[in-house]
Every structure is written in structure tokens, then in C-alpha cells.
Amino acid sequence: MKNTLLLFLVGLSITLSSFVTHKFYVSVTQVDYNEEEQSLQIISRIFIDDIEEILKERYDDSIILDPTKETSEVDEYIKKYLTQKLEFIVNNEEVSFVFIGKEYEDDLMICYLEIENITSLETIQISNQILMDLFEEQQNIVHVKKGKQRKSLILEHGRDKGMLKFSE
């Protein structure tokens, strides 16, 4: 009877441990080339709790990412962090983005960025290290769209840069 009970408890323990929630560490960045406006329009989606944790660690431990509670410095901290963690080289030329703003949707923070004065998009090299300094398992997915062409990268710790080539 004791062996049966012990076997049952071990089996139950193994079964229950397989239902433990596993957290995924991922961000998704969409880059669209707007030929008419000669710009790259960028939308980056990051889990609020993850970005909040890194902003607290780096800048101010009282930061709260909530539109009803956040201070005016939050956008500056986000802009500063993204500027340090995102790099774009377009047609072999390093370019800077403008942080337009952010909004919240469910458990995501959606950041809007733009790179102006892009007359053509032949190649784009992207370095995306968002949250990699906090989570070693972090993956940053990047989709780039030019007209009807769409190409993607999966960037991770140790392989945080990638290049995409577009042909006319």
C-alpha cells in the first residue's frame, strides 16, 4: 500500500509539474518601408511587465507603466532604452529613429518609431537587443516589409544582428 501511494504521489508530482506556466520572453518589431513618405515606420510590441522591470533596474525603481499612474519621465526612459538597444543600418548607412510615442494594449506596450529620409530600401541591417540584458532566453522577432516583399529575422542572445536584402 505504501509503495502504491508513493508511486501515485511521484506520478502526480511529475504530471502537475508539466502544467507549470512557462513564460516566453519575446518582442515583435514590424518595419514597413513607406516609399511615398520615404520613411521606415516601426512598431515594436514588448510585454509591459518585462520592459517595466528593465526600466526600474536601469533608471528608476519607482517606474510604473500604467497610463493612469506613470510620470512624465517614462517616455524619456523608454526612448533612451530603445536608442541603446535598437540599431538600424539602411543601405550601408547608420540611421537614427525618432520615438513618436507609445500606447498600451492588454499586456503589451506598443512603441511607434520612424526613420525619415529613406529614399530606397536595398539592404537593412538590424540589431535588436531589447530585454536581452535582462533575459538570456529573450527572442526579438523582426518583420520588414517593402511593397509586397516581407522578410523576417529571429534575433536572440549572442545573435542579435541580422541583415535583409531587397531587390526591385
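**View 1. Helix α2 and its cover in the predicted model.** In this predicted model, what covers the buried residues of α2 includes β2, α3, β5 and β6. Six positions of α2 are buried: I48, D50, I51, E52, I54 and L55. The helix spans residues 48-58. It lies across β2, β5 and β6. Relative to β2, α2 runs at about 90°.

**View 2. Helix α3 and its buried side.** Helix α3 holds 12 residues, 74-85. At 1.5 Å a residue they should span 16 Å, and the end C-alpha atoms are 17 Å apart, so expectation and model agree. The buried residues here are V74, I78, Y81, L82 and K85. They cover an arc of only 95° around the axis, which means that they sit on the same side of α3. The general rule behind such a pattern is that an α-helix has 3.6 residues a turn, so residues three or four places apart point the same way.

**View 3. What α3 packs against.** The partners of the buried α3 residues are one helix and several strands. The helix is α2 (48-58). The strands are β2 (39-47), β3 (86-90), β5 (98-105), β6 (108-116) and β7 (123-128). Like α2, which lies across β2, β5 and β6, helix α3 lies across β2, β5 and β6. Its direction is about 115° to β5.

**View 4. The open sheet.** The sheet is open and built from 6 strands. Their order is β5-β6-β2-β1-β8-β9, with mixed pairing. At the edges stand β5 and β9 (149-156), each of which pairs on one side only. From one strand to the next, the twist averages 15°.

**View 5. The β5-β6 pair.** Strands of a sheet pair through backbone hydrogen bonds, either parallel or antiparallel. Which sense joins β5 and β6? They pair in the antiparallel sense, over 7 bridges. One residue pair to look for is E103 with its bridge partner I110 in β6.

**View 6. Strand β7 between β3 and β10.** How many of the 6 residues of β7 are buried? The count is 5, so the strand is mostly covered. Strand β7 runs antiparallel to β3, and 5 bridges join the two. It is also joined by 5 bridges to β10 (residues 161-165), again antiparallel. Residue I124 of β7 marks both pairings: V90 stands opposite I124, and I124 stands opposite L164 in β10. The buried residues of α3 also pack against β7.

Conventions: Residues numbered from 1 in each chain as written. Predicted model: local features only at pLDDT ≥ 70, side-chain atom pairs only at ≥ 80, totals over all residues. Heavy atoms only, no water. Helix = DSSP H or I, 4+ residues; strand = E, 2+ residues; numbered from the N terminus. Expected span 1.5 Å × (residues − 1). Buried < 20%, exposed > 50% of the residue type's maximum accessible area, 1.4 Å probe, protein only. Arc of directions from axis to C-beta. Contact = heavy atoms within 4.5 Å. Pairing = 2+ DSSP bridges. Axes fitted to C-alpha atoms, helices over the stretch in contact; angles between N-to-C directions.
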